[in-house]
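This report considers how residues are placed in one protein chain. It treats a helix, the salt bridges and the surface patches in turn.

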Amino acid sequence: MKQNHTDYMRLYDEMKNERATWLPVWKDLSAYLAPTRGFFDGQTPNHGRRVDHKTLLDSDPCLAVEVLCAGMMSGLTSPSRGWFDLSLSPEELMELPGAREWVFDVKKRLEDVFAKSNVYGVLHGFYQEIAVFGTAAFLLEEDREKGIRCRPFTIGEYCLGTDAAGRVNRFGREFFMTAEQLKETFGESVLPPAVRRACEAGQMGTWHKVFHLIMPNPAHDPAKRDNRHMPFTSVHFMEGGHILRQSGYREFPVIAARWEVKNASDSYGRGPGWKCLGDVKMLQKMQKTKLVALDKSTNPPMMVSSGVQGEVNLLPGGITRYNGTTDAAVKPAYLVQPDLNALDASIAQVRSTIRAQFFADVFLSLSGQNYANMTAAEVAERRQEKMLVLGPVLERLKNELLDPLIDRAFNLLARQGLLPPAPQSVQGLEMKVEYVSMIAQAQKAAGLSALTQGLAYAANMASARPEVLERVDYDCALEEGLKALGVAPALLKSAEETSEQEPV
């Protein structure tokens with residue numbers, strides 16, 4: 001089914017109308033938790049939005065957001081250490097000729113491309129967006145110089161849509177481009193008359209609104225290789241439906257993730273910011289109350305008798321002339337004696353609640369608690385237990401962020417010829433991704449205690465019946481334990497190598 005230019009505008013308006021109910025909460029979250037994030041009310045580029053410091057009297061909630069972002073960045077996708085491994089599925093296929101070397105080369109190539117592109121810079125903002133607003137997205141495209149390039153988005157500038165399974169498969173946004181940028185990007189021949197006239201008149205810096213829509217292509221035809229028949233269609237158009245470019249993608253190019261979804265039909269998610277917004281507002285009001293109390297106690301409202309001559313001088317050492325002999329000329333209207341200790345305790349309690357909502361106690365567990373009387377094993381176990389509370393969130397991020405990111409990057413690099421050629425033995429085989437980040441390893445290591453307890457139980461029973469140990473596969477236990485600890489399997493010798501070294 002071929003769609004005309006008015007269909008695209010209608011489809012975008014439908015997505016925008018579905019998003020409308022989310023905007024009021026997003027604006028509140030932006031004002032109280034992420035004042036530099038969000039694109040609302042038709043803002044134009046290079047138009048700085050003022051931060052309302054009358055609202056943000058306490059920056060502790062913003063700091064809690066930054067702690068969560070830094071923790072997710074270093075614990076989930078750290079640029080300084082490996083956070084994923086590749087292998088073939090099933091793993092026995094890794095013994096095929098050339099398979100292990102090729103998989104290792106592909107992993108190194110992906111890591112190098114991630115490091116020199118803007119992926120990690122975009123991911124930091126991505127974690128902030130998803131923590132505060134519950135939804136985050138960016139576009140992953142091909143780059144001729146660095147292999148891949150990410151285009152980050154902020155909440156309010158894009159719309160999302162989902163398929164029947166609840167997966168994000170539609171994306172739309174509106175943004176601004178100058179007449180010069182439009183001419184350079186799309187070519188003068190496709191520009192609408194108004195933009196061409198602006199170019200001819202030398203008004204190259206005027207802003208024009210552009211719409212971009214990505215969705216499943218109703219005209220998809222696997223037998224045709226041109227971009228008009230790819231699985232996803234991409235259309236750039238202007239107000240009124242004037243089409244600037246129509247192209248396509250082989251896979252959905254937008255990496256969009258939600259912190260948690262209330263039901264499968266929701267296109268947008270809810271994050272920690274939603275849960276603690278009331279606490280954040282209360283904290284700001286409490287700080288305002290405290291400042292007013294301090295102001296009144298140090299500079300109280302005054303009563304001035306009619307005998308005072310001229311203005312009252314309230315500066316230290318100031319003189320106010322008074323023509324009278326009885327009542328005090330200037331005195332406080334009433335005494336303010338706030339209980340600042342109780343107010344500080346209440347503020348500290350609210351701050352603690354907000355930090356807990358953003359998992360600050362999880363990511364600052366080693367610096368925020370006293371582990372002086374614990375062994376290293378006990379400290380590790382405590383930290384692993386804390387990491388388990390992030391389990392459901394990390395599973396969603398694996399499905400909606402990490403897997404699509406690696407799949408999309410792999411496909412882009414493969415189509416550009418930037419990956420090593422696959423040996424004949426592995427062509428057509430399925431590749432598996434395993435995550436080995438600090439958080440992933442901490443969650444896996446939580447199961448190590450069960451393994452060690454099981455081995456200890458078998459050892460205790462062996463004191464009465466030694467033959468019990470014959471049923472324990474210690475080689476398998478060693479492999480599983482090292483996997484849980486994140487130790488590379490390459491450190492283990494193969495069974496053949498071990499048997500060759502046994503004494504005759």
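Which exposed residues does the face of α7 turned away from its buried side carry? That face carries Arg-197 and Glu-200. Here exposed means over 50% relative accessible area, buried means under 20%, and partly exposed lies in between (1.4 Å probe, protein chains only).

The structure is a predicted model, in which local features need pLDDT of at least 70 and side-chain atom pairs count only at pLDDT 80 or more, while totals for chains, interfaces and linings use all residues. Residues are numbered from 1 along each chain as its sequence is written, and side-chain values use heavy atoms, with hydrogens and water left out.

**Helix α7**

Helix α7 spans residues 193-200, and within it Val-195, Ala-198 and Cys-199 are buried. These residues sit on the same side of α7 because they cover an arc of only 100° around the axis. The arc is that of the directions from the helix axis to the C-beta atoms. Helices (H or I, at least four residues) and strands (E, at least two) are DSSP runs, numbered from the N terminus.

**Salt bridges**

Side chains of opposite charge can pair when their charged atoms come close. A salt bridge is counted when a side-chain nitrogen of Lys or Arg is within 4 Å of a carboxyl oxygen of Asp or Glu. By this rule there are 25 salt bridges. Three of them are listed below.

| Lys partner | Acidic partner | N to O distance |
|---|---|---|
| Lys-108 | Glu-111 | 3.7 Å |
| Lys-275 | Glu-260 | 3.8 Å |
| Lys-290 | Asp-344 | 2.7 Å |

In the salt bridge between Lys-290 and Asp-344, the pair links distant parts of the chain: Lys-290 belongs to helix α8 and Asp-344 to helix α9 (residues 340-357), 54 residues apart. Lys-290 is buried, because its relative accessible area is 19%, whereas Asp-344, at 33%, counts as partly exposed.

Salt bridges that share partners also join Asp-85, Lys-107, Lys-108 and Glu-111 into one network. Within this network, Lys-108 and Glu-111 both lie in helix α4 (residues 99-116), three residues apart, about one turn of the helix. An α-helix has 3.6 residues a turn, so residues three or four places apart point the same way. Lys-108 is partly exposed at 36% relative accessible area, while Glu-111 is buried at 18%.

The salt bridge between Glu-260 and Lys-275 likewise links distant parts of the chain: Glu-260 is in the loop between β9 (254-258) and α8, and Lys-275 is in helix α8, 15 residues apart. Glu-260 has a relative accessible area of 34% and is partly exposed; Lys-275, at 48%, is also partly exposed.

**Surface patches**

Patches are made of residues with over 30% relative accessible area and no salt bridge; like charges are joined within 9 Å, and nonpolar side chains (Val, Leu, Ile, Met, Phe, Trp, Tyr) within 5 Å. Accessible areas come from the Shrake-Rupley method with a 1.4 Å probe, and for residues only the protein chains shown count as cover.

One nonpolar patch consists of Met-302, Val-304 and Leu-314, which together have about 250 Å² of accessible area. Met-302 lies in strand β10 (residues 302-304) and is partly exposed at 32%.

A negative patch is formed by Asp-473, Asp-475, Glu-479 and Glu-480. Asp and Glu count as negative and Lys and Arg as positive, with His and the chain ends not counted. The place of a charge is taken as NZ of Lys, CZ of Arg, CG of Asp or CD of Glu. Glu-479 lies in helix α16 (residues 474-485) and is partly exposed, with 41% relative accessibility.
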